[in-house]
Amino acid sequence: MDKYQEQPHLLDSHLEWMMHLLLDIVQDNRSPSSLVHLAFKFFYIITKVRGYKIFLRLFPHEVADLQPVLDMIAVQNPKDYETWETRYMLLLWLSMTCLIPFDLARLDGNILSEEGCTRMPIMDRILNVAKSYLVVSDKARDAAAVLVSRFIIRPDVKQKRMADFLDWALSTLSNSSFQTMEGTVVMDGMLQALAQLFKHGKRDDCLPYASTVLECLDNCKLSESNQTLLRKLGVKLVQRLGLTFLKPKVAKWRYQRGCRSLAANLQFSAQVPVVQNLVIAAADEEEYDIPGEVENVIEQLLIGLKDKDTIVRWSAAKGIGRITGRLPKELADDVVGSLLDCFSFQETDNSWHGGCLALAELGRRGLLLPSRITDVVPVILKALTYDEKRGACSVGSNVRDAACYVCWAFARAYDPLELKPFVNQISSALVIAAVFDRDINCRRAASGTFPHGIDIVTAADYFAVGNRVNCFLNISMYIASFPEYTQSMIDHLVNMKINHWDGVIRELSTKALHNLAPQIPEYMTNVVLPRLLPLAVGTDLHTRHGAILASIMLEYFYLQHFLNDLIAFFSPAVCTLIEKLSLSKMPFREDPIIDGWQWLINDSLRSLPLVSSTARQQIKEAAVSALAALCNEYYINEQREASPALQGELLQQYISELQNTEEMIRCGFSLALGALPRFLLKGKLQQVLEGLKKVICISHKDVSFAESRRDGLKATAKVCQTVGVKRNGPQDEFVCKDNVVQIYTMLLSGMSDYTTDSRGDVGAWVREAAMTSLMEVTLLLVQNDPELLDANICKQIMCCVAQQSAEKIDRFRAHAGSVFLSLLNFDNPPIPHIPHREELERIFPRSEAVTLNWNAPSQAFPRITQLLGLPAYQYYVLLGLTVSVGGLTETTVRYSAQSLFDYMKKIQNDLGAMNNFCETLLQVFEDNLLNDRVSVPLLKMLDQMLANGCFDIFTAEENHPFSLKLLTLCKEEIKKSKDIQKLRSSIAVFCGMIQFQGDMRKKVLFQLFLLLCHPFPVIRKTTASQVYEMLITYSDIVDPDILDEVMTVLSDTDWDAELPLVREKRNYLCDLMKVPKPQLVSKVEFGVLL
């Protein structure tokens, strides 16, 4: 059902038959209780996806249904935490059946039972059920609040029971404290019930009690609670009370633009060319006194806008919008004035964020009149660039995101004529946020503008702005081609970004300035550069660094601008001319002009670092093609050989350039070597291979040269294809038995290149080239001399390619799958020594080789995980799956994890297969300890596997070796780690390992209690939260007598507090649970006691 979460309306046509199938089970008295509970669990799943308001309408709600539902609820055990879904759905069902349009007293009949005892009336039974479930700790509490809101407002109930219920709710609320876990649960239920009641009840019925409820709420002082949900419910109830005090009418003074009907709007536009948007005066408004409590309500909502949690601020903002819509014009304007006070620079980012949300609500509802736009727009422009440094990071991304929402609301609420004076300012600010904001969610929120909107949104769409480097260096260049934005973009970079606290942003900003310089070079020369020079000698370190970088980049632009254009324009043309002249066999043999042509080709390859990436590829291809044609025509003599002097000089020159400090020069000359004809390589093959080997191998100084390694691998395969195969031939002339291992070692080394830089996984380019080259060389050998392929080489090739076909990047996984199937299905002749060939052909039938879409995770992973059952492939496929299952891309994670879990279920009862799999899993972990590329996803994968019961076969055995070894590896992985993501993942794994029996539990708890006193507060809070959830799930690990106390300590302790205070609470937990207390180790270093 989860796949319908984003578009739940697709379920609507199926809800009825699903409902009837499940109701048949529920209403059948012969159904066992376990089956009934399972049916209600399915009911809950459907409700969770579609929403109870839609699904609940389908439940039977006749008079005859009321008594059976009440009877079913009566037999439920509120303390059975395994069946809470049953109680939740029954309460919702009861909330529907209690809406029957008959006085409930009619259903009581004779309330004297046969024994002479008085039966409780149905009205009281329902009310008692609602009250009892308003104080439970599970989700049934939410359903009870819904029941109250629908039941109490019935005409017969509100007369007899409404006042009593409110007295009970308020006294319960007053006597509860948010300092305890039980009190928090009770207050949550009361607040939900009251909020729902004042939302759905009629104003006239609720008004007499509103003041009393507001007074009680004030006395509770919920704003002081550290429970986010309580503060949110408090704000929600306050706004409902405010709406009760005010008459339910739409303000006539509000700004109105068109009508909600598209057809009416189009018809009106056709009749009247210019639509006048009117703000109707308030003169004809009915005068009535605004109760004094409204001021208190608005004050509390304004305080709620400054709350530390987003959901509270969001609720307060909606409340401000709803209440302002019922106020007279003058009072509403006062609210707007108070709202603008939230944007003082003395206020925190929370206040700015809440203020933006409230402004958006007012604008969306037409409550922010055009006369106020001049006050609001400057504030929003500041909010779009709000960024406050806090320690080693900054806050403000939520403010900028909310400011984008305000712009969205204004664009849809106001006529273009009203916004015309501000369009350029707003659109420029949005464009700047879309391409230059540090945070991805802000860039995505801002990717919509006014002038040239369609063109810009097409280039800067939701996915394009996801890559920060792409935004700064590519999209910004396109947008700057529109004159309206160019100068403002440059000014923003100079004023806000080159002095940014994040060094990466400063560097990207200087590169962006360099890219934007061609748009308005005069402005850069006359205005920007003179502003940068004083900043370069300023006192602020960040500003000085950014200004110096920007000045250098601008100077570099002026020096290189014209030279680059010349190279990019002429080099491909000249090389193409040389190629065509050579192919035309022009009579220039031994003419000095050939040396000139050779120099031009070499110079084109050496100029590659000076040109753009687009021109670079054209020059490379043209130069390499020209070189091949030139050599074939003018360097071969009558004996079909090359002059030894010429051959030696050319190869020496090209091989020496392979060690150039410029990566692009290495790329060019690697491909040039791969393009040389056979007669130039004759007798020099080993020298060429050694040169290419140095390019392919990763060294400390050139670890980022992924493109040169990629082209080196391509060149190696081309050289092998050029020289050919001869088993017993000389190793300086052929691929033979003496050098075949060396060649494969070079190519296989590329399969382990996982280099990353600011561009992402650049090592993937190397791995892709390595797979292609391995396939080309292998097919070359098998067609000429299959005996050169030994079993070990074939196994390495197939296993490495299988690993790549299980990894997370779709494009490279698809390439690996294509290579894997090409090698498996090649039959001219078949490739020998492929491990488990028969099983592979059964998993990948030839008939499906073309239709199998390796790009689609839903098709690729179910196939590739079957290789886990083949011993030769298990380690490599599991290594590839690890980074997919523990990755970030939703579809990849979903299908890879599901495929892995399906495989685990298949072998769950096979002890031998489980032991082999777990040994391989531990080996993968051990081999990749402290390798974050694998170890962090591996921890995430282990968390999912433990949660899905993949190791249930081992959990019954005390101190199973697998669990002990896994714990040891996890401890080693996080030892002295400061990686938040890794530590959080390890916490989840430790919590999952609690299911193993024996001493293991004490060891796991010891590790978790260690993390409760971690130096990072976020880790302490995460640990406490997850241990709390763990104890709910595995309550048998704690003595029931102390369970409540342990849970209270975990939930009520402020884990952000100083370490000595936190350590005291942690040690108390250790004593309660009889876990050894971690000892504080003292280290004396540099005379300081640590």
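**Getting to know a predicted model**

Q: Is Leu 35 buried, exposed or partly exposed?
A: The relative accessibility of Leu 35 is 34%. Buried means under 20% relative accessible area and exposed means over 50%, with partly exposed in between (1.4 Å probe, protein chains only). Leu 35 therefore counts as partly exposed.

Q: What kind of model is this?
A: Residues are numbered from 1 along each chain as its sequence is written, and side-chain values use heavy atoms, leaving out hydrogens and water. Local features need pLDDT of at least 70 and side-chain atom pairs count only at pLDDT 80 or more, while totals for chains, interfaces and linings use all residues, since this is a predicted model.

Q: In which helix is Leu 35 found?
A: Helices (H or I, at least four residues) and strands (E, at least two) are DSSP runs, numbered from the N terminus. Residues 33–50 form the helix that holds Leu 35, and its label is H2.

Q: How many helices does the chain have?
A: The C-alpha atoms of the chain fill a box of roughly 125 × 75 × 75 Å along the principal axes. Besides 4 strands, the number of helices in the chain is 52.

Q: What percentage of the residues count as buried?
A: The chain has 1090 residues. Ile 298 is one example of a buried residue, because its relative accessible area is 13%. For the chain, the buried share is 50%.

Q: How far apart in space are Ile 298 and Glu 958?
A: Ile 298 has its place in helix H14, residues 293–304. Along the sequence, 660 residues separate Ile 298 from Glu 958. In space, C-alpha to C-alpha, the distance between Ile 298 and Glu 958 is 60 Å.

Q: How many salt bridges does the count come to?
A: A salt bridge is a side-chain nitrogen of Lys or Arg within 4 Å of a carboxyl oxygen of Asp or Glu. One case joins the side chains of Asp 142 and Lys 139 at 3.4 Å, N to O. Asp 142 counts as partly exposed because its relative accessibility is 23%, and Lys 139 is partly exposed too, at 30%. By this rule, the number of salt bridges is 44.

Q: Which residue forms a salt bridge with Asp 827?
A: Asp 827 sits in the loop between helix H39 (810–825) and helix H40 (837–843). Its partner lies 19 residues away, in the loop between H40 and helix H41 (857–864), and the pair links distant parts of the chain. That partner is partly exposed, with 43% relative accessibility. The two side chains meet at 3.2 Å, N to O, and the partner is Arg 846.

Q: Which residue forms a salt bridge with Lys 1077?
A: Lys 1077 has a relative accessible area of 37%, so it counts as partly exposed. The partner is partly exposed as well, at 45% relative accessibility. With the closest N and O atoms 3.8 Å apart, the partner of Lys 1077 is Asp 1071.

Q: Which Lys is linked with Glu 707, Arg 710, Asp 711, Asp 757 and Arg 759?
A: These residues belong to a network of salt bridges. Its Lys member is Lys 620.

Q: How far apart are the end C-alpha atoms of residues 795–982?
A: An unreviewed UniProt entry lists this span as "domain: Tubulin-folding cofactor D C-terminal". UniProt positions are given in the numbering used here, feature names are shortened, and annotations may be inferred rather than shown by experiment. In the model, the span is 68% helix and 0% strand. Its end C-alpha atoms are separated by 33 Å.
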